[in-house]
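Reader: I'd like to go through this one label by label and ask what stands behind each. Can we start with whatever you find handiest?

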Amino acid sequence: MTQGSETGRACFLDLSTRAKLRITGTDRFRFLNGQITNDLRNASETAAIEACVLNAKGKLDAHIFIAVVGESFLIDAEPDLRETLRARLERYVIADDVQIEDATDEFSLFHVLAEASPQPEHGSIFSVQRFATPGYDIWSDPARHDAVHDELASGFLFVDSAAAEVMRIEQGMPRWGRELTANIIPIEANLEERTIDYEKGCYIGQEVISRMKMSGQTNKRLCGLISLNDTRLQPGMKLLAPSASGKEAGWITSATRNERLDKEIALGYVKRGFNNPATKLDALSPDAAEAIPVEVVSLPFL
């Protein structure tokens with residue numbers, strides 16, 4: 001993927017449907033920092049951070065981004081997490097002066113992939129990396145949604161949700177509901193560098209994450225996969241060792257066609273022992289008559 005888009009132009013996405021929470025109260029920093037994998041000190045009024053919210057077993061409850069606006073933190077996450085994320089955070093508010101509000105309908109949210117910060121007339125701007133290249137979030141009044149959209153469209157290429165999905169798969173970026181679920185530990189999804197700070201204080205699930213870092217091993221890892229006979233790959237396909245035993249080696253989570261490689265590609269979790277680049281596997285769906293040969297590749301694809 002070239003900077004911004006296939007054409008080389010910088011581009012923007014409309015992320016306004018994402019769930020949004022506002023965290024306020026005098027204990028907001030201590031409370032929220034104890035719930036996330038990243039260091040909240042790195043979030044500011046000009047830069048947002050990416051983080052995970054875990055359960056005590058180190059598995060994902062949510063994948064989020066956090067920005068600072070005045071005396072509050074703004075969190076955004078996939079729409080499916082709107083209710084469950086708020087409930088998960090509120091569960092740990094005991095005697096803290098912390099208020100957690102649903103602010104989903106109070107903001108429009110755009111993301112711009114460009115080398116220089118955009119300068120829209122309306123909205124707060126935060127540098128943040130949502131894809132494989134640096135970008136900027138714009139939080140604005142929903143009443144100004146169309147105006148901000150038009151303003152951005154005058155200088156940037158608009159990327160719709162379908163094109164954005166292809167882009168994130170090409171870049172190997174995991175997404176909640178696909179690669180990121182309640183059964184996944186962040187390190188398995190290649191989120192370690194982006195979302196985990198090993199020097200910060202305690203947070204829920206930290207012991208599991210620390211043990212995994214010390215061992216240096218994971219049971220499975222998110223990998224890229226390429227169809228070797230150009231047959232379409234699909235989410236949910238099982239990955240099998242291409243041998244008489246047919247030992248299960250993982251599963252596919254997302255798939256698309258890469259036009260520049262002219263190949264069918266996919267993201268999937270591949271078990272230890274099978275996830276080295278150039279490893280050959282078979283992909284099989286329940287209703288498929290024949291297995292599709294695939295090869296494990298490093299991410300990103302491009």
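Author: Sure, and bear in mind that this is a predicted model. Let's take strand 2, which is covered on both faces: Ala 19, Leu 21 and Ile 23 are buried on one side, and Lys 20, Arg 22 and Thr 24 are buried on the other.

Reader: What makes strand 2 "largely enclosed"?

Author: The count does. Buried means under 20% relative accessible area, and 6 of the 6 residues in strand 2 (residues 19–24) are buried, so the rest of the structure largely encloses this strand.

Reader: Why is Arg 22 called buried?

Author: Because its relative accessible area is 16%, and the cut-off for buried is under 20%. Arg 22 sits in strand 2, and its side chain makes a polar contact of 2.4 Å with the side chain of Glu 106. Beyond its neighbours within four places in sequence, Arg 22 touches residues including Ser 72, Phe 73, Leu 74, Gln 99, Ile 100 and Phe 107.

Reader: How do you know that strand 2 pairs with strand 5?

Author: Pairing takes at least two bridges, and strand 2 and strand 5 (residues 72–77) have 5, in the antiparallel sense. One of the matches is Ala 19 with Ala 77 in strand 5. Strand 2 is also joined to strand 6 (residues 99–102), by 4 bridges and again antiparallel; there, Leu 21 has Asp 102 as its bridge partner.

Reader: And the open sheet: which strands stand at its edges, and why?

Author: The sheet has 5 strands in the order 8-9-7-1-10, with mixed pairing. Strand 8 (124–128) and strand 10 (157–158) are the edges because each has a single partner strand, so one side of each has no neighbour in the sheet.

Reader: What makes strand 8 and strand 9 a pair?

Author: The bridges again: at least two are needed, and strand 8 shares 5 with strand 9 (residues 135–140), antiparallel. Val 128 finds its bridge partner in strand 9 at Gly 135. Helix 3 (residues 145–153) lies across strand 1 (11–14), strand 7 (108–113), strand 9 and strand 10, and runs at about 10° to strand 7.

Reader: On to charges. Why is Arg 260 with Glu 170 called a salt bridge?

Author: The limit is 4 Å between a side-chain nitrogen of Lys or Arg and a carboxyl oxygen of Asp or Glu, and the closest N and O atoms of Arg 260 and Glu 170 are 3.0 Å apart. This pair links distant parts of the chain, with Arg 260 in the loop between strand 13 (248–258) and strand 14 (263–271) and Glu 170 in helix 4 (residues 161–171), 90 residues apart.

Reader: Are those two partners buried or exposed?

Author: Arg 260 counts as partly exposed, at 40% relative accessibility, since that class runs between 20% and 50%. Glu 170 counts as buried, at 3%. Helix 4 has other buried residues, among them Ala 164, Glu 165, Met 167 and Arg 168, and the cover over its buried residues includes strand 1, strand 7, strand 13 and strand 14.

Reader: What makes Asp 160 the cap of helix 4?

Author: A side-chain oxygen of Asp 160 lies 3.2 Å from the backbone nitrogen of Ala 162, at the N-terminal end of helix 4, and a polar contact needs N or O atoms within 3.5 Å. After helix 4 comes Gly 172, with a positive phi near 75°.

Reader: Back to that loop. Which salt bridges involve Arg 257?

Author: Arg 257 pairs with Asp 262, with closest N and O atoms 2.6 Å apart, and with Glu 264, at 2.9 Å. Both values fall within the 4 Å limit. Arg 257 is partly exposed at 24%, while Glu 264, at 11%, counts as buried. Elsewhere, salt bridges with shared partners join Arg 18, Asp 76, Glu 78, Arg 130, Asp 137, Glu 165, Arg 168, Arg 175, Arg 178 and Glu 179 into one network.

Reader: Why is Asp 262 called partly exposed?

Author: Because its relative accessible area is 48%, and exposed would mean over 50%. Asp 262 is found in the loop between strand 13 and strand 14. Setting aside neighbours within four places, Asp 262 is in contact with Asp 230 and Arg 257; the C-alpha atoms of Asp 262 and Asp 230 are separated by 8.6 Å.

Key
Residues numbered from 1 in each chain as written. Predicted model: local features only at pLDDT ≥ 70, side-chain atom pairs only at ≥ 80, totals over all residues. Heavy atoms only, no water. Helix = DSSP H or I, 4+ residues; strand = E, 2+ residues; numbered from the N terminus. Contact = heavy atoms within 4.5 Å. Axes fitted to C-alpha atoms, helices over the stretch in contact; angles between N-to-C directions. Buried < 20%, exposed > 50% of the residue type's maximum accessible area, 1.4 Å probe, protein only. Polar contact = N/O pair within 3.5 Å; in protein donor to acceptor, adjacent residues only side chain to side chain.
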